[in-house]
Amino acid sequence: HSSVMPEGTANAAHPPMSELQVRDLFHLWNDALATLDSSKVAARYSKEGVLLPTVSDTPRTDFDGIKDYFDAFLLKQPQGEIVE
């Protein structure tokens, strides 16, 4: 999974996010992981979101697909960490 956005994707409707905003979103996602509830984690993704999983070769492009991935992944009780 990569959270790096390509240059030039921001516009008037979608201004660039600050580092603080990105960190806050990460913490919301990580808190959802801590619940071990795949529905709560999948709800953190936008309706147009795409998950490119780290332990699966199948891209997930909707709520049900993302939830399905996290049904299995959350059994490992993952937690994210910002290292830089």
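**Exercise 1. Asparagine 30**

Decide whether asparagine 30 counts as buried or exposed, and then find what its side chain meets.

*Solution.* Begin with the relative accessibility of asparagine 30, which is 9%, so this residue counts as buried; the rule is that buried means under 20% relative accessible area, exposed means over 50%, and partly exposed lies in between, with a 1.4 Å probe and protein chains only. The model used here is predicted, so local features need a pLDDT of at least 70 and side-chain atom pairs count only at pLDDT 80 or more, whereas totals for chains, interfaces and linings use all residues. Residues are numbered from 1 along each chain as its sequence is written, and side-chain values use heavy atoms, with hydrogens and water left out.

Next, place the residue: asparagine 30 belongs to helix α1. Then look for partners, leaving out residues up to four places away in sequence: asparagine 30 touches Gln79 and Gly80, where a contact means heavy atoms within 4.5 Å. With glutamine 79 there is also a polar contact from side chain to side chain, at 3.4 Å. A polar contact is a pair of N or O atoms within 3.5 Å; within protein, one must be able to donate a hydrogen and the other to accept it, and residues adjacent in sequence count only if both atoms are side-chain atoms.

**Exercise 2. The chain and its core**

State how many helices and strands the chain has, and then find which helix gives the most to the largest nonpolar core.

*Solution.* The chain has three helices and zero strands, and its elements follow the order α-α-α from the N terminus. Helices (H or I, at least four residues) and strands (E, at least two) are DSSP runs, numbered from the N terminus. Of the 84 residues of the chain, 24% are buried.

A nonpolar core is a set of buried Ala, Val, Leu, Ile, Met, Phe, Trp, Tyr and Cys residues joined through side-chain atoms within 4.5 Å. The largest such core has eleven residues, among them Ala32, Val41, Tyr45, Leu51, Ile66 and Phe73. Helix α1, helix α2 (38-42) and helix α3 (63-73) each supply at least two residues of this core, and α3 gives the most, with four residues. As for Leu51, a member of the core, its contacts beyond four places in sequence include Tyr45, Arg60, Ile66 and Phe70.

**Exercise 3. Arginine 60**

Find where arginine 60 lies, and then list which polar partners surround its side chain.

*Solution.* Arginine 60 sits in the loop between α2 and α3, and with a relative accessible area of 11% it is buried. Two backbone oxygens lie by polar atoms of its side chain: that of threonine 58 at 3.0 Å, and that of glycine 65 at 3.3 Å. Arginine 60 also forms a salt bridge with aspartate 68, the closest N and O atoms being 3.0 Å apart; a salt bridge is a side-chain nitrogen of Lys or Arg within 4 Å of a carboxyl oxygen of Asp or Glu. Whereas arginine 60 is buried, aspartate 68 is partly exposed at 45%. Beyond its neighbours within four places in sequence, the contacts of arginine 60 include Gly49, Val50, Leu51, Pro53 and Tyr69.

**Exercise 4. The salt bridges within helices**

Count how many salt bridges there are, and then describe the pairs in α1 and α3.

*Solution.* The count is three salt bridges. In one of them, arginine 23 and glutamate 19 meet at 3.2 Å, N to O; these two are four residues apart in helix α1, and therefore about one helical turn separates them. Arginine 23 is partly exposed at 28%, while glutamate 19 is exposed at 57%. Another joins aspartate 71 and lysine 67 at 3.1 Å, both in helix α3 and four residues apart, about one turn of the helix. Aspartate 71 is partly exposed at 37%, and lysine 67 is partly exposed at 23%.

**Exercise 5. The surface**

Work out which residues make the nonpolar surface patch, and then place leucine 28 within the chain.

*Solution.* The patch covers about 350 Å² and is made by Met17, Val22, Leu25 and Leu28. Patches are made of residues with over 30% relative accessible area and no salt bridge, like charges being joined within 9 Å and nonpolar side chains (Val, Leu, Ile, Met, Phe, Trp, Tyr) within 5 Å. Leucine 28 lies in helix α1, residues 19-34, and is partly exposed at 43% relative accessibility. The chain as a whole exposes about 6500 Å², of which carbon and sulfur atoms supply 55%; accessible areas come from the Shrake-Rupley method with a 1.4 Å probe, and for residues only the protein chains shown count as cover.
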